[in-house]
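Thanks for making the time. I have one structure to go through, and I will keep to what can be read off the coordinates.

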Amino acid sequence: MNLHRLDLVSLQLFSLVARSGSISKGAELALLAVGAASKRITDLEAAVGTPLLERHSRGVTLTVAGQALHRHAQRILGDVDQLTADLSDYASGLVGVVRLWCNTSAVTQFLPKDIASFVQANPGIRIELEEEDSNEVVLAVMDGRADIGIFADRTPAPGLQVMNYRSDRLGLVVPRGHALARRRSVRFEEAIEQDFVCLSKGTSLAKRLQAETEALGRRLKIRIQVRSFDAMCQMVAAGMGVAVLPRESILPHVKSMDLRQIELEDEWASRHLLIGLRDAAAVPRHVRMLIDHLCQPQSPANASRPAKG
């Protein structure tokens, strides 16, 4: 068996035959003569050493080996399509692609303006942005799916080089008319008896609230868990509970939903968003350019430091 001699035309043909259930129909879709298509299928079966199709009067069906080849062929052809798109970008003047993963706080508060100004100054660099929980962001950087990641402090990031990106502050969000709505600031302990609207347990924000609640020797009364800041605000507005959220990220929701945002006096309510990467010395120039751009708004304390946790 010598699969290195498989060609893309034959794989494309086989995929079309598998989808249409007919060699003649597959040949038509591949713009090949039926005889030539049949010869290519026969050569494929000879190369793998086993039948790939069961031929019958109504067409063809895949054997178990044929099903396996079809799965791999789809993956290979998809990779070729992606390669074609990437090379087309480079041929049209693209300098590079940066795969950036980040948490919701970074997306909603800081990144839109930062990325817009970077792309305007560097039109040859494309940024592929993925929004995920902080833990998923770190994992993506660690296993190479992301070039750089932005995530909340307190997120374990073993082996990553980490530098400061921005800081934000958490606040307590309550509906209009709530008993705490007239307060300008509160300690988290004063709100601990309230029903809470939270993000899912795996998020950095949910973990922070859980840790601080346990530090007080109490249990957080979670009434409902949702997947976005917008959904949290909607639940608070509906009277389902109170929430702890980054203050800058929800300003539009606070105004449109007539919510009240109260400052949390606790020290832990001040957070840092971090940039993480595997090896600053090994990143391509276009990735380094984005990192330098993202760090510009920071104070001189931008220095790389070990990851917490």
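I will take the pocket, then two helices, then the cysteines, and end with some single residues. One thing to keep in mind throughout is that this is a predicted model.

Start with the pocket. The largest one holds about 200 Å³ of space. Its lining is made up of 15 residues, and those nearest the centre are Thr 104, Asp 133, Leu 199, Thr 203 and Arg 227. Two elements give two or more residues to that lining, namely α5, residues 104–109, and α9, residues 204–215. What is the split of the lining into nonpolar, polar and charged residues? There are three nonpolar, eight polar and four charged.

Next, helix α7, which runs over residues 134–142. Its buried residues are Ser 134, Val 137, Val 138, Ala 140 and Val 141. How are they arranged around the helix? Looking down the axis of α7, the buried residues fall within an arc of 160 degrees, so they line one face of the helix. As for what sits over them, the cover includes β3 (96–102), β5 (148–152), α9 and β12 (270–277). So α9 comes up twice in this talk: it contributes to the lining of the largest pocket, and it is among the elements covering the buried residues of α7. After α7 comes Gly 144, with a positive phi near 90 degrees.

The second helix is α10, residues 229–237. Here the buried residues are Phe 229, Met 232, Cys 233 and Val 236. Why do I put them on the same side of α10? Because they cover an arc of only 95 degrees around the axis. Just after α10 there is again a glycine with positive phi, Gly 239, at about 85 degrees. Gly 239 also gives us a distance: its C-alpha is 22 Å from that of Gln 210, and the two residues are 29 apart along the chain. Gln 210 itself is in helix α9 and is partly exposed, at a relative accessible area of 28%.

Now the cysteines. How many disulfides does a search of the whole structure find? The number is zero. For reference, a disulfide is a covalent bond between the sulfur atoms of two cysteines. Take Cys 198: the closest cysteine sulfur is in Cys 233, 13 Å away, and that is too far for a bond. Cys 198 is buried, at 4% relative accessibility. Its closest partner by sulfur, Cys 233, is one of the buried residues of α10. Then there is Cys 295, which is in no disulfide either; the nearest cysteine sulfur belongs to Cys 102, 14 Å away. Cys 295 counts as buried too, at 9% relative accessibility.

On to residues other than glycine with a positive phi. Leu 31 has a phi near 60 degrees. Leu 31 sits in the loop between α2 (23–29) and α3 (34–48). Is Leu 31 buried or exposed? Exposed, with 77% relative accessibility. Arg 154 is another case, with a phi of about 75 degrees. Arg 154 lies in the loop between β5 and β6 and is partly exposed, at 41%.

That loop between β5 and β6 also holds Ala 157. Ala 157 is buried, at 2% relative accessibility. Along the chain, Ala 157 and Gly 276 are 119 residues apart, while their C-alpha atoms are 8.0 Å apart in space.

Past the loop we reach strand β6, residues 161–175, which contains Val 162. Val 162 is buried, with a relative accessible area of 0%. Val 162 and Gly 124 are 38 residues apart in sequence, and their C-alpha atoms are 26 Å apart.

The last residue is Gln 261, in strand β11, residues 259–264. Why does Gln 261 count as buried? Its relative accessibility is 18%, and the cut-off for buried is under 20%. Leaving out residues up to four places away in sequence, Gln 261 touches Leu 172, Val 173, Leu 245, Pro 246, Arg 247, Ile 250, Leu 251 and Val 254. Leu 172 and Val 173 take us back to β6, which covers residues 161–175.

That is all I have; questions are welcome.

Definitions and conventions
Residues are numbered from 1 along each chain as its sequence is written. This is a predicted model: local features need pLDDT of at least 70, side-chain atom pairs count only at pLDDT 80 or more; totals for chains, interfaces and linings use all residues. Side-chain values use heavy atoms; hydrogens and water are left out. On a 1 Å grid over the protein atoms alone, a cavity is a set of points where a 1.4 Å probe fits but cannot get out, and a pocket is an open set with protein on both sides within 12 Å along at least five of seven lines; lining residues have an atom within 4 Å of a point. Grid points are joined across faces, edges and corners, and a volume is the space filled by probe spheres set on the points. Helices (H or I, at least four residues) and strands (E, at least two) are DSSP runs, numbered from the N terminus. Ala, Val, Leu, Ile, Met, Phe, Trp, Tyr, Cys and Pro count as nonpolar, Asp, Glu, Lys and Arg as charged, and the others, Gly among them, as polar. Buried means under 20% relative accessible area, exposed over 50%, partly exposed in between (1.4 Å probe, protein chains only). Contact means heavy atoms within 4.5 Å. A disulfide is a pair of cysteine sulfur atoms within 2.5 Å. The arc is that of the directions from the helix axis to the C-beta atoms.
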